[in-house]
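Student: I would like to learn how to read a protein model step by step, beginning with its helices. Could we look at one together?

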Amino acid sequence: MIFNEIVNYLTGDSIPSNDQLELFSELSSVFIEFPIDNEPPSSAVVALAANCGADLPNAIASGLNCITDEHLPIRQIAEFISNNHTKDINELLSENNGKKIPGFGHPSIKGEDPRVLHLKCKFKHLFGDHMKFSVLLEESMPVPMNIGCIIASLSLDNGIESKNCLFLPLLGRSFGWLKLYNKTKNKFSKVVPSFENIKNES
């Protein structure tokens, strides 16, 4: 199976257990669709591109170009956790006083993210030092951990390097973009450029 080949590449020399394979599948599948009605920026751009007549590769490329330090910063969160998970929580908070700590809060989802709660409950037995650090840090934060934080923490704890932590959720989101692209194509008429209207009126 190609998914197993992907996981073997991401985890390097280690052979993932069946529980870890299930985890990695979930880290991808929880990202297929956004849990609230409003689409996130990258997905909205894919829909707009589809509505403007773009073909699938160009629409997905438009979505990928929206992945930045501000949108889906899972790699950056993973690097922060990897670099700080051995520190005392109070020491870390003091060092970052007045700074934004990545991995907590979400611009669109207020309160607990159901995806985070699901992963916490289902994969508690796979928690390691990175996830335990994030759970402790969450207790001192004014907002709960976001989906990027738990994906990064669980990935690090189960053999995926920080530089690769974005791949599995991005794989799932790409499938979500495919579904959104086809839904948009089926539901909306292709946008007619304004110059076409001018030509028709003349």
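Student: Which helices do the buried residues of α4 pack against?

Tutor: Please keep in mind that we are reading a predicted model. In it, the buried residues of α4 pack against α3 (41–51) and α10. The residues in question are Ala-59, Ile-60 and Gly-63, in a helix that covers residues 56–64. Seen down the axis of α4, these buried residues fall within an arc of 95°, so they line one face of the helix.

Student: What is the general idea behind a helix having a face?

Tutor: An α-helix has 3.6 residues a turn, so residues three or four places apart point the same way. You can try this idea on α8, residues 129–139, where His-130, Met-131, Phe-133, Ser-134, Leu-137 and Glu-138 are buried. They cover an arc of only 155° around the axis, which puts them on the same side of α8.

Student: Which exposed residues does the face of α8 turned away from its buried side carry?

Tutor: That face carries Asp-129 and Glu-139, which are exposed. The buried residues of α8, for their part, pack against α5 (74–84), α6 (89–95), α7 (114–122) and α9 (147–157).

Student: How many of the residues of α9 are buried?

Tutor: Eleven of its eleven residues are buried, so to speak of α9 as mostly covered is fair. The list runs from Ile-147 to Asp-157 and includes Gly-148, Ser-153 and Ser-155. These buried residues pack against α2 (18–29), α5, α7, α8 and α10.

Student: How should I read a single residue in that helix, for instance Cys-149?

Tutor: Begin with its place and its accessibility, and then turn to its contacts. Cys-149 is found in helix α9, and at 1% relative accessibility it counts as buried. When its neighbours within four places in sequence are left aside, Cys-149 is in contact with Ile-77, Ile-81, Gly-103, Phe-104 and Ser-134.

Student: Is Lys-120, in helix α7, buried or exposed?

Tutor: Lys-120 is buried, with a relative accessible area of 19%, and the cut-off to hold in mind is that buried means under 20%. Leaving aside neighbours within four places in sequence, Lys-120 is in contact with Phe-127, Met-131, Glu-138, Met-145 and Ile-150.

Student: Which residues touch the most other members of the largest nonpolar core?

Tutor: The general idea comes before the case: in soluble globular proteins, nonpolar side chains tend to be buried together. Here the largest nonpolar core has 49 residues, and those that touch the most other members are Phe-24, Ile-81, Leu-119, Leu-137, Ile-147, Ile-150 and Leu-154. Helix α9 gives the most to this core, with seven residues. One of the residues just named, Ile-147, has contacts beyond its neighbours within four places in sequence, and these are with Val-30, Phe-31, Asp-113, Arg-115, Val-116 and Leu-119.

Student: How do I read a pocket, and what is the volume of the largest pocket?

Tutor: A careful reading takes the volume, then the lining, and then the kinds of residue in that lining. The largest pocket has a volume of about 580 Å³ and is lined by 26 residues, of which Glu-70, Leu-72, Pro-73, Pro-107 and Asn-146 lie nearest its centre. Helices α5 and α9 each supply at least two residues of this lining, and α5 gives the most, with three. By class, the lining divides into twelve nonpolar, eight polar and six charged residues.

Student: Which helix supplies the largest share of the lining of the second largest pocket?

Tutor: That share, six residues, comes from helix α10, which covers residues 167–187. The second largest pocket holds about 220 Å³ of space, and among its 13 lining residues Glu-33, Phe-34, Glu-39, Gly-176 and Leu-180 lie nearest the centre. Its lining has five nonpolar, two polar and six charged residues.

Student: How many helices and strands does the chain have?

Tutor: The chain has eleven helices and zero strands. Of its 202 residues, 43% count as buried, and along its principal axes the C-alpha trace spans about 70 × 45 × 25 Å. Finally, among contacts between residues at least 6 apart in sequence, 79% join residues at least 24 apart.

How values were computed:
Residues are numbered from 1 along each chain as its sequence is written. This is a predicted model: local features need pLDDT of at least 70, side-chain atom pairs count only at pLDDT 80 or more; totals for chains, interfaces and linings use all residues. Side-chain values use heavy atoms; hydrogens and water are left out. Buried means under 20% relative accessible area, exposed over 50%, partly exposed in between (1.4 Å probe, protein chains only). Helices (H or I, at least four residues) and strands (E, at least two) are DSSP runs, numbered from the N terminus. The arc is that of the directions from the helix axis to the C-beta atoms. Contact means heavy atoms within 4.5 Å. On a 1 Å grid over the protein atoms alone, a cavity is a set of points where a 1.4 Å probe fits but cannot get out, and a pocket is an open set with protein on both sides within 12 Å along at least five of seven lines; lining residues have an atom within 4 Å of a point. Grid points are joined across faces, edges and corners, and a volume is the space filled by probe spheres set on the points. Ala, Val, Leu, Ile, Met, Phe, Trp, Tyr, Cys and Pro count as nonpolar, Asp, Glu, Lys and Arg as charged, and the others, Gly among them, as polar. A nonpolar core is a set of buried Ala, Val, Leu, Ile, Met, Phe, Trp, Tyr and Cys residues joined through side-chain atoms within 4.5 Å.
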